[in-house]
Amino acid sequence: MAPGSESAYLAKVRQAGRPIVRDLPKFDLDQYIANYKGKTRVDRLLLIGTTAQLLAPEALRAAVTEAKQGKDVSRYNDVVAAIREILPGDVNAAPDSAWIDRTIKQVKAESDRLETELKGYKNNLIKESIRMGYDDLGQHFHTIGDLVNAVKTYGRMREYCTTASHVVIMTFRLINVSIDQGNWLAVQTNVQKLRAPGQLHTEAQSLTAKLSAAMGLAWLANGNFRAAAQEFIWTDPRMAQARLDDPSDAEAFNEVMTPNDIAVYGGLCALASMDRNELLEQVLDNSKFRSYLELEPHIRRAITFFVSSKFSACLSILDSYRSDYLLDIHLQRHLGELYFQIRSKAIQQYFIPFSRVTFAALASAFDTDEQTIEQELTGMIKGKHLDARIDLVDRVLLAKTSDPRRSVHEDALQTAKDYERTAHLRILKIEMLNAGLEVADKAKSGGNTSFENTGLDPFHGGPSASNWLSEGIGRSLRSGLRE
């Protein structure tokens, strides 16, 4: 594919409404992907290859190499299918049948070996050996991309966990598999299990940063940006010091995300869901999140500009990194909504001190033209994101004003009406009691009881209050006529 051309595949993607990145991102692909490990490397390279016009050849070839280092044959076939559509003349467009056959045989042999060992452990009735057998088999299924069987295996492992630490290990394995599945409800459920007060919570203290990151990712996937921001900005800073190139570092969570991702996800979600005071107190002055913001200084600058009411500078920084964020596997689907909410909040904050603002002033403040700002304001007002009116004749945005004197009068009249109604009902009740309109409760007291004790108070919505009241009044009238 020529550097400036668009393949038939990317044209089809564009027609389907999916994003296409035509500009080079600010990151270097090799350095970027080196920060991750495991299945997410192939997933991220495949996303970049099917989204970025200029990086597609490099990313897809790297994805093939990465896939062939693992054992997930189905994922390898996905990468080859993408290359066949985007780079039909590439050497990797044809599947490597020898590698596929060899890998399938190795996977089957390994599966048979692990299942045979597990059967032997069950025959010996040693719980710890059975638990370890299920753990090994579950990790094997996860590695080869059989996520359904991985979940089932870890579920069966539960009854053989004899200590709290075993349960924590099993639950965290389920969290990782659920993230790869995109089963965010399962992620939230398992995180809450480890966070619940008790022995599990104590054993899971070393995983607090990873649990916050996983829960934040689940909220982000569900579109709850404020809840996601709260998880990310309060993530334990120990993960920020993790050595991503050291597989033995227990603090690293780069099979899912890196500390840089936490800074970006947390910063964008906070900008989209918090006001300026909250951004200052909970983000910029947050000693925990500061460790992550230092890894992505442009996010810190954008938040600082927003807090300082320099909205144009904030939005300019975010726009310059749009290409990078569109190539992120977790951000891509939500980036449009995040940017819309951030821009809407900026316009709201800008308009607060004014009773009227011209379109020209708004366009100048947000570095756009009057027609675009008019469309944005119309959409915000229709979506109830902005409580204002548009004057198309004078081309100004008008704040809705209220008359305090009229509001006080309306409140006073409503209070008087409520008082009058309450007094009328109380007087009517007293008169009915004086008239002897009571229900006898012989079973309990042998005498008469009032409405409240029978549940038939007409003023409190008894089920047959109206019928009872009509009958009572009828009896009283008939008694008076006889007298």
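**Exercise 1. Work out whether L125 is buried or exposed, then place it in the chain and look at its backbone.**

Solution. Start with accessibility: L125 has a relative accessible area of 71%. The cut-off for exposed is over 50%, so L125 counts as exposed. Keep in mind that this is a predicted model, so we're reading computed values here. Next, the location: L125 sits in the loop that links α6 (97–124) to α7 (127–143). Last, the backbone: the phi of L125 is near 60 degrees, which is a positive value in a residue other than glycine.

**Exercise 2. Find where S309 lies and say how exposed it is.**

Solution. S309 is in the loop between α17 (297–307) and α18, just after α17. Its phi is positive, at about 65 degrees, although S309 is not a glycine. For exposure, take the relative accessible area of 34%. Buried would need under 20% and exposed over 50%, so S309 ends up partly exposed.

**Exercise 3. List the buried residues of α17 and name the helices they pack against.**

Solution. First the residues: H298, I299, A302, I303, F306 and V307 are the buried ones in α17. Then their partners: these buried residues pack against α14 (259–273), α15 (276–284), α16 (287–293), α18, α19 (322–326) and α20. Two of those partners, α18 and α20, come back in the next exercise.

**Exercise 4. Decide how α18 and α20 are oriented to each other, and describe their contact.**

Solution. Step one is the geometry. The axes of α18 (residues 311–320) and α20 (residues 335–351) come within 10 Å, crossing at roughly 170 degrees. Step two is the class: angles over 145 degrees count as roughly antiparallel, so that's the label for α18 and α20. Step three is the contact itself. From α18 it takes F311, L315, L318 and D319, and from α20 it takes Y339, I342, R343, A346, Q349 and Y350. Sorted by character, the residues of this contact come out as 7 nonpolar, 1 polar and 2 charged.

**Exercise 5. Give the strand order of the open sheet with 3 strands, and explain which strands stand at its edges.**

Solution. Write down the order: β1-β3-β2, with antiparallel pairing. Now count partners. β1 (356–358) and β2 (388–391) each have a single partner strand, so they stand at the edges, and one side of each has no neighbour in the sheet. From one strand to the next, the twist averages 20 degrees.

Zoom in on one pair: β2 is joined to β3 (residues 396–399) by 4 bridges, and the two run antiparallel. D391 stands opposite V396 in β3. To finish the picture, add the helix: α22 (residues 370–382) lies across β2 and β3, and runs at about 145 degrees to β2.

**Exercise 6. How many disulfides does the model contain, and are C161 and C269 buried or exposed?**

Solution. A disulfide is a covalent bond between the sulfur atoms of two cysteines. The test is a pair of cysteine sulfur atoms within 2.5 Å, and it gives 0 disulfides. On to accessibility: C161 has 11% relative accessibility, so it counts as buried. C269 is buried too, with a relative accessible area of 0%.

**Exercise 7. Put together a whole-chain summary: elements, burial and contacts.**

Solution. For the elements, count 25 helices and 5 strands. For burial, 44% of the 483 residues count as buried. For contacts, take those with a separation of 6 or more: residues 24 or more positions apart account for 59% of them.

Conventions. Residues numbered from 1 in each chain as written. Predicted model: local features only at pLDDT ≥ 70, side-chain atom pairs only at ≥ 80, totals over all residues. Heavy atoms only, no water. Axes fitted to C-alpha atoms, helices over the stretch in contact; angles between N-to-C directions. Parallel < 35°, antiparallel > 145°, perpendicular 65-115°, else oblique. Contact = heavy atoms within 4.5 Å. Nonpolar A, V, L, I, M, F, W, Y, C, P; charged D, E, K, R; others polar. Buried < 20%, exposed > 50% of the residue type's maximum accessible area, 1.4 Å probe, protein only. Pairing = 2+ DSSP bridges.
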